[in-house]
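Here are my notes from a read-through, in no special order of priority. Have the coordinates open while you go through them.

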Amino acid sequence: MSFEPFTVLRSRTLVLPQANIDTDQIIPARFLTTTTRRGLGEVAFYDWRFDEEGRPRNSSVFHGVDARAHRILVAGANFGCGSSREHASWALVDFGFRAVVSSDIADIFKSNALKNGLLPVEVDEEMHAYLLAHPGAEVQIDLEAGVIGALGGGLSAPFEVEPFARRCLVEGVDPLGHLLNQIDAIEAYEKARA
């Protein structure tokens with residue numbers, strides 16, 4: 001799979017300060033009936049965005065949000081906990097997010113996110129508190145430098161991403177796409193060893 005290469009992302013944030021947002025809240029189980037990524041953004045955080053009748057919740061932080069202008073989700077600690085649900089990262093990407101920022105992101109969610117073009121950014125408590133307290137802040141994430149910064153606020157923080165995952169994001173491919181991009185070198189190696 002390929003996606004938009006990730007080098008530097010500059011966007012406003014959407015803030016969900018709650019801790020322990022699990023994958024069932026990100027995409028409720030009743031929507032896990034597809035193996036297609038397209039359209040899952042419509043059901044991302046469905047129960048937070050819509051009432052039992054399917055009407056938009058005016059009190060929702062998502063109400064009236066332009067996803068193209070808010071590509072960075074800032075969440076409370078332990079984001080993405082719960083079951084291993086690749087659909088959760090698919091839904092967030094399809095909604096329009098390119099990065100999730102928290103002080104703590106669940107390992108399985110992190111792995112799924114990285115393979116699907118969504119950058120999970122774990123920051124220190126000071127940066128996390130600043131971002132939670134400033135919803136809609138303009139933030140810049142420089143993946144290659146490993147730095148996230150609040151524009152206008154002067155606060156920045158380093159973050160780490162496993163090198164192979166970083167390379168795949170910068171190239172705009174998942175791990176399989178990275179291997180397929182190496183097919184000529186693989187075939188040349190196999191031919192030389194034959």
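1. A word on burial before anything else, as the points below lean on it: buried means under 20% relative accessible area, exposed means over 50%, and partly exposed is what falls in between. D24 has a relative accessible area of 37%, so it goes down as partly exposed. Please also keep in mind that this is a predicted model.

2. Staying with D24, its partner is R85: the two form a salt bridge, with the closest N and O atoms 2.9 Å apart. D24 sits in helix 1 and R85 in the loop between strand 2 and helix 3, so this pair ties together parts that are 61 residues apart in sequence. The two ends are not equally covered, because R85 has a relative accessible area of 13% and is buried, whereas D24, at 37%, is partly exposed.

3. Next, the pair D47 and R30, whose side chains meet in a salt bridge at 2.5 Å, N to O. D47 belongs to helix 2 and R30 to the loop between helix 1 and helix 2, so the parts tied together here are 17 residues apart in sequence. Both partners are partly exposed: D47 has a relative accessible area of 36%, and R30 has 49%.

4. R55 and D51 make another salt bridge, the closest N and O atoms being 3.0 Å apart. R55 is partly exposed at 49%, while D51 counts as buried at 16% relative accessibility. Salt bridges with shared partners also join E4, R71 and R98 into one network. The count for the model comes to 11 salt bridges. As general background, side chains of opposite charge can pair when their charged atoms come close.

5. R98 deserves a look of its own. You'll find it in the loop between helix 3 (86-95) and strand 3 (99-102). Is R98 buried or exposed? Its relative accessible area is 5%, so R98 is buried. A polar atom of the R98 side chain lies 2.9 Å from the backbone oxygen of E4. Setting aside neighbours within four places in sequence, the contacts of R98 are F3, E4, P5, F6, L9, R71, G117, L118 and L119. E4 and R71 in that list are also the residues that share the salt-bridge network with R98.

6. H70 can be read in the same way. Its place is the loop between helix 2 (46-49) and strand 2 (72-75), and with a relative accessible area of 17% it is buried. A polar atom of its side chain lies 3.1 Å from the backbone oxygen of D66. Beyond neighbours within four places in sequence, H70 touches S11, R12, T13, L14, V65 and F97.

7. Two backbone angles to check. N20 has a positive phi of about 60 degrees although it is not a glycine, and F45, also not a glycine, has a positive phi near 50 degrees. Most residues other than glycine have a negative phi. N20 is in the loop between strand 1 (8-16) and helix 1, and F45 is in the loop between helix 1 and helix 2. Their cover differs: N20 is partly exposed at 44% relative accessibility, but F45 is buried at 0%.

8. On helix 4 (residues 107-114), which residues are buried? They are F109, K110, N112, A113 and L114. Their cover includes helix 1 (23-26), helix 3, strand 4 (119-122) and helix 6 (163-171).

9. Over to the surface, where L176, L179, L180, I183 and I186 make a nonpolar patch of about 450 Å². Helix 7 (175-181) and helix 8 (183-193) each supply at least two of its residues, with helix 7 giving the largest share at 3 residues. L180 is in helix 7, and it counts as exposed because its relative accessibility is 52%.

10. Lastly, the annotation. An unreviewed UniProt entry lists residues 11-125 as "domain: Aconitase A/isopropylmalate dehydratase small subunit swivel". In the model, the end C-alpha atoms of that span lie 21 Å apart, and the span is 23% helix and 16% strand.

Notes: Residues numbered from 1 in each chain as written. Predicted model: local features only at pLDDT ≥ 70, side-chain atom pairs only at ≥ 80, totals over all residues. Heavy atoms only, no water. Patch = residues over 30% accessible without salt bridge, like charges linked within 9 Å, V, L, I, M, F, W, Y side chains within 5 Å. Areas by Shrake-Rupley, 256 points an atom, 1.4 Å probe, with all protein chains shown as cover. Salt bridge = Lys/Arg side-chain N within 4 Å of Asp/Glu carboxyl O. Helix = DSSP H or I, 4+ residues; strand = E, 2+ residues; numbered from the N terminus. Buried < 20%, exposed > 50% of the residue type's maximum accessible area, 1.4 Å probe, protein only. UniProt positions renumbered as here; feature names shortened; annotations may be inferred. Polar contact = N/O pair within 3.5 Å; in protein donor to acceptor, adjacent residues only side chain to side chain. Contact = heavy atoms within 4.5 Å.
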